[in-house]
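Please work through the exercises below with the sequence and the model side by side, and try each task before reading its solution.

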Amino acid sequence: MSRRRIMRLSRLSRAIALVALAVYVVGTLWALLTSHAEFVQRFGSLGVAAAILFFTDRLLEIELNRQRAVERMLHEYGLRFEAVAAGLPPEELPEKGYDTDFLDEEGEFHRLRDRSARIQAGNIFLLTVATLQWGFGDIFLRWATP
């Protein structure tokens, strides 16, 4: 599958996730404000769906960024290997002229790991709240409102 097609599908899944999240938030607020316990529970299922859609969409984006960084590093290693194979001693490899700075790439991997951890934490929070709402939202609302 081409990268272009993957990106189009990614944008579509992100749009669907945003719509599901918006319907979840607006529907839940409406159901809470109007004390419709059965709708609080039903909108919880949309929250679970939105969390799953967001997770898969973000996971794809992070994986594509990771693959791009790995490809850059492999290309750089290939250039250096070709230079050594052509007879250039490793200590004479030029410091400049290569596209990739390995410390910058390591920093990019670190940023990807941090972003992945933040996305996972947000997703776990949304999934937990929506699942509890789906399972017990009606009971909670009936208990909380006289």
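**Exercise 1: A residue in a helix**

Asn123 is buried, with a relative accessible area of 12%. The model in which this is seen is a predicted one.

Task: Work out why Asn123 counts as buried, then find where Asn123 lies and which residues Asn123 is in contact with, leaving aside its neighbours within four places in sequence.

Solution: Begin with the cut-off, since buried means under 20% relative accessible area; the value for Asn123 is 12%, and therefore Asn123 counts as buried. Next, locate the residue, which has its place in helix H3, residues 102-144. Finally, once neighbours within four places in sequence are left aside, the contacts of Asn123 are Ala51, Ile52 and Phe55.

**Exercise 2: A residue in a loop**

Task: Determine where Ser35 is found, whether Ser35 is buried, partly exposed or exposed, and what is notable about the phi of Ser35.

Solution: Start with the place of Ser35, which is the loop between H1 and helix H2 (37-85). Then take the accessibility, which at 42% makes Ser35 partly exposed. Last, consider the backbone, where phi of Ser35 is near 60 degrees, a positive value in a residue other than glycine. Most residues other than glycine have a negative phi.

**Exercise 3: Along helix H1**

Task: Identify the charged patch that includes Arg5, and state how far apart Ala22 and Leu46 are in space.

Solution: First, Arg5 has its place in helix H1 (residues 3-33) and is partly exposed, with a relative accessible area of 45%. Together with Arg4, Arg8 and Arg11, Arg5 forms a patch of positive charge on the surface. Ala22 also lies in helix H1, and its C-alpha is 9.6 Å from that of Leu46, although the two are 24 residues apart in sequence.

Technical notes: Residues are numbered from 1 along each chain as its sequence is written. This is a predicted model: local features need pLDDT of at least 70, side-chain atom pairs count only at pLDDT 80 or more; totals for chains, interfaces and linings use all residues. Side-chain values use heavy atoms; hydrogens and water are left out. Patches are made of residues with over 30% relative accessible area and no salt bridge: like charges are joined within 9 Å, nonpolar side chains (Val, Leu, Ile, Met, Phe, Trp, Tyr) within 5 Å. Accessible areas come from the Shrake-Rupley method with a 1.4 Å probe; for residues, only the protein chains shown count as cover. A salt bridge is a side-chain nitrogen of Lys or Arg within 4 Å of a carboxyl oxygen of Asp or Glu. Lys and Arg count as positive and Asp and Glu as negative; His and the chain ends are not counted. The place of a charge is taken as NZ of Lys, CZ of Arg, CG of Asp or CD of Glu. Helices (H or I, at least four residues) and strands (E, at least two) are DSSP runs, numbered from the N terminus. Buried means under 20% relative accessible area, exposed over 50%, partly exposed in between (1.4 Å probe, protein chains only). Contact means heavy atoms within 4.5 Å.
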